[in-house]
Amino acid sequence: MKDPEVCTSCSKEPQGYVPIARVIERLDELAAKNDSAGIERVLDYWEKEAKTLGDDRGLLVILSEEVGHYRREGDEGKGISACEQALALLAVEAEITVADATVYLNIATTMKAFGRAQEALKYYEIARDVYERQLPADDWRLAGYHNNYATALADLGKFDDAREHYMKALAILKAQDNINEVAITYVNLAKLCDDENAAMGKDDDGGADEYIELAYAALMSANALQNGPHASVCMKVADACGYHGYFLYKKELEDRARAIYRSNGGDV
């Protein structure tokens, strides 16, 4: 018997394919409530369904969602398994599309998150090659590439190269007034300052604190859209604020995130 929570969103779809748009809509609804367990149930159901239907394109989308979800949850086993399954599907593609490149980037980012930065580099390069050939220079997806690639470079001790890519991401995101991702980039730059100082045996020069202040200011700006994605970013930046001793900022951001989740029906 089908899971009623999952299937109410797909009853009108043609048989034989995963109803991707409706599945993503459901995942977004669950994310807006911070319902991680619900997200996992939906992903697990549709992974099995896609395999039963033989819908490889649909399966690839579901696996990519799993790659990101399990990265955020810190579940290395499930995250790497989803990466490996997605790579097997990508390997038989005749041509790498922009959508495929985004999956490669997602895979690379997850591998990096689980300590496999060196292995991830080849997948970052695949994404970069396709993005730079097929996307305009100010496309937000290129900002995502620069941001995520920079984190891998930083893990490998290539701090100057990492900073260059963070700044490229920041330029694109600021031009688009992408407040959430601007804040995340500032947090990334704060971590880069910490990591570089530690690697070089230098004392704290205040650079990280400056970026934390900028991240907080970005999220608290008047034109910030207070929705599920914003709440998720607030929680991430709150952690960074707490790490750097900005406890009032941490509380304010956590309170904002919880209020958003509650307004969306979440139990927080």
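This report walks through the overall build of a predicted model, then one helix, some aromatic pairs and a histidine.

**The whole chain**

Let's start from a distance. The protein has 13 helices and zero strands, so reading from the N terminus you meet one α element after another: α-α-α-α-α-α-α-α-α-α-α-α-α. The radius of gyration is 19 Å, close to the 18 Å that the globule rule gives for 268 residues, so the protein is as compact as a globular protein of that length. Along its principal axes, the C-alpha trace spans about 60 × 45 × 35 Å.

How much of the protein is buried? Buried residues account for 47% of the 268. As for the outside, the accessible surface comes to about 13400 Å², and carbon and sulfur atoms hold 51% of that. If you take the contacts between residues at least 6 apart in sequence, 61% of them join residues at least 24 apart.

**A look at helix 8**

Helix 8 covers residues 140-155. It has 16 residues and reaches 23 Å from its first C-alpha to its last, close to the 22 Å expected at 1.5 Å a residue. At the N-terminal end sits a cap: aspartate 139 places a side-chain oxygen 2.8 Å from the backbone nitrogen of arginine 141. After the helix comes glycine 157, with a positive phi near 80°.

Plenty of helix 8 is tucked away. Its buried residues include Leu142, Ala143, Tyr145, His146 and Asn147, and Tyr149, Ala150 and Leu153 are also among them. What do these buried residues pack against? Their partners are helix 6 (98-113), helix 7, helix 9 (159-175) and helix 10 (179-200).

**Rings that pair up**

There are seven aromatic pairs in the structure. In general, such a pair is described by the distance of the ring centres and the angle of the planes. Here are two of them side by side.

| Pair | Centre distance | Plane angle | Kind |
|---|---|---|---|
| tyrosine 124 and tyrosine 149 | 5.5 Å | 55° | tilted |
| tyrosine 216 and tyrosine 249 | 3.6 Å | 5° | stacked |

Take the tilted pair. Tyrosine 124 belongs to helix 7 (residues 117-134) and tyrosine 149 to helix 8, 25 residues apart, so the pair links distant parts of the chain. Tyrosine 124 has 0% relative accessibility and therefore counts as buried. Tyrosine 149 counts as buried too, because its relative accessibility is 12%, under the 20% cut-off. Ring pairs also bring in a third residue, linking Tyr124, Tyr145 and Tyr149 into a cluster.

Now the stacked pair. Tyrosine 216 lies in helix 11 (residues 207-219), while tyrosine 249 lies in helix 13 (residues 247-263). They are 33 residues apart, and this pair links distant parts of the chain as well. Both tyrosine 216 and tyrosine 249 are buried.

**Histidine 230**

Our last stop is histidine 230, found in helix 12 (residues 228-243). Is histidine 230 buried or exposed? Its relative accessibility is 0%, so it counts as buried. Its side chain makes a polar contact, at 3.0 Å, with the side chain of arginine 256. Which residues is histidine 230 in contact with, leaving aside its neighbours within four places in sequence? They are Asn180, Leu219, Ala224, Leu225, Arg256 and Ile260.

Terms used: Residues numbered from 1 in each chain as written. Predicted model: local features only at pLDDT ≥ 70, side-chain atom pairs only at ≥ 80, totals over all residues. Heavy atoms only, no water. Phe/Tyr/Trp six-rings, centres within 6.5 Å; stacked < 30°, edge-to-face > 60°. Helix = DSSP H or I, 4+ residues; strand = E, 2+ residues; numbered from the N terminus. Buried < 20%, exposed > 50% of the residue type's maximum accessible area, 1.4 Å probe, protein only. Polar contact = N/O pair within 3.5 Å; in protein donor to acceptor, adjacent residues only side chain to side chain. Contact = heavy atoms within 4.5 Å. Rg over C-alpha atoms; globule rule 2.2 N^0.38 Å. Areas by Shrake-Rupley, 256 points an atom, 1.4 Å probe, with all protein chains shown as cover. Expected span 1.5 Å × (residues − 1).
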